[in-house]
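Student: Got a minute to go through this one with me? I'd like to look at a few side chains and some backbone oddities.

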Amino acid sequence: MTLRIEQVQGRIRLSGGFRVEHLDSVKTEIERCESPIVLDLEELDLIDLEGIRFLNACESAGVSILHCSAYIREWMLQERGRAKEHPEPW
């Protein structure tokens with residue numbers, strides 16, 4: 001499944017499947033966007049763990065996430081909790 005990235009009404013809309021190989025493209029689009037940055041996930045169907053971690057990092061950096069499905073939001077919360085319990089060694 002591919003990921004479609006489009007700017008619609010001042011938002012970045014992600015549609016389809018968001019996988020690790022799409023991270024650079026989404027980061028580039030975010031860098032092009034003016035503040036405030038808003039990610040619209042209404043049409044996002046699939047996501048992998050790296051995508052979840054990326055969304056958490058975006059929220060921590062002040063990016064708004066709209067229309068996030070319940071399963072994605074729950075996974076984001078679980079991953080945040082896991083990161084607090086088991087921080088990555090640097």
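Student: Which backbone oxygen does the side chain of His22 reach?

Tutor: Keep in mind that this is a predicted model. In it, the His22 side chain gets to the backbone oxygen of Gly17, at 3.4 Å.

Student: And where does His22 lie?

Tutor: In the loop between strand 2, residues 11–18, and helix 1, residues 23–32.

Student: Is His22 buried or exposed?

Tutor: Buried. Its relative accessibility is 14%, and the cut-off for buried is under 20%.

Student: What does His22 touch, leaving out residues up to four places away in sequence?

Tutor: Met1, Leu3 and Gly17. Gly17 is also the residue whose backbone oxygen the His22 side chain reaches.

Student: OK, switching to aromatics. How many aromatic pairs does the structure hold?

Tutor: Just 1. Phe18 and Phe54 make an edge-to-face pair, with 5.9 Å from centre to centre and 90 degrees between the planes.

Student: Which parts does the pair tie together?

Tutor: Phe18 sits in strand 2 and Phe54 in helix 2, residues 49–60, so the pair links parts that are 36 residues apart in sequence.

Student: What about Phe18, buried or exposed?

Tutor: Phe18 is buried, at a relative accessible area of 0%. Its partner Phe54 is buried too, with 11%.

Student: Now the backbone. Where's the cis peptide bond?

Tutor: Between Ser35 and Pro36, with omega about -5 degrees. Pro36 is in the loop between helix 1 and strand 3, which covers 38–47.

Student: Why bother pointing that out?

Tutor: Because most peptide bonds are trans. Likewise, most residues other than glycine have a negative phi.

Student: So what is phi for Gln9?

Tutor: Near 50 degrees, so a positive value in a residue that isn't glycine. Gln9 is placed in the loop between strand 1, residues 3–8, and strand 2.

Student: Is Gln9 buried or exposed?

Tutor: Exposed, with 74% relative accessibility. The cut-off for exposed is over 50%.

Student: And what's phi for His67?

Tutor: That one is near 55 degrees, again positive in a non-glycine residue. You'll find His67 in the loop between strand 4, residues 64–66, and helix 3, residues 70–85.

Student: How does His67 count for accessibility?

Tutor: His67 counts as partly exposed, at 43% relative accessibility.

Technical notes
Residues numbered from 1 in each chain as written. Predicted model: local features only at pLDDT ≥ 70, side-chain atom pairs only at ≥ 80, totals over all residues. Heavy atoms only, no water. Helix = DSSP H or I, 4+ residues; strand = E, 2+ residues; numbered from the N terminus. Buried < 20%, exposed > 50% of the residue type's maximum accessible area, 1.4 Å probe, protein only. Polar contact = N/O pair within 3.5 Å; in protein donor to acceptor, adjacent residues only side chain to side chain. Contact = heavy atoms within 4.5 Å. Phe/Tyr/Trp six-rings, centres within 6.5 Å; stacked < 30°, edge-to-face > 60°.
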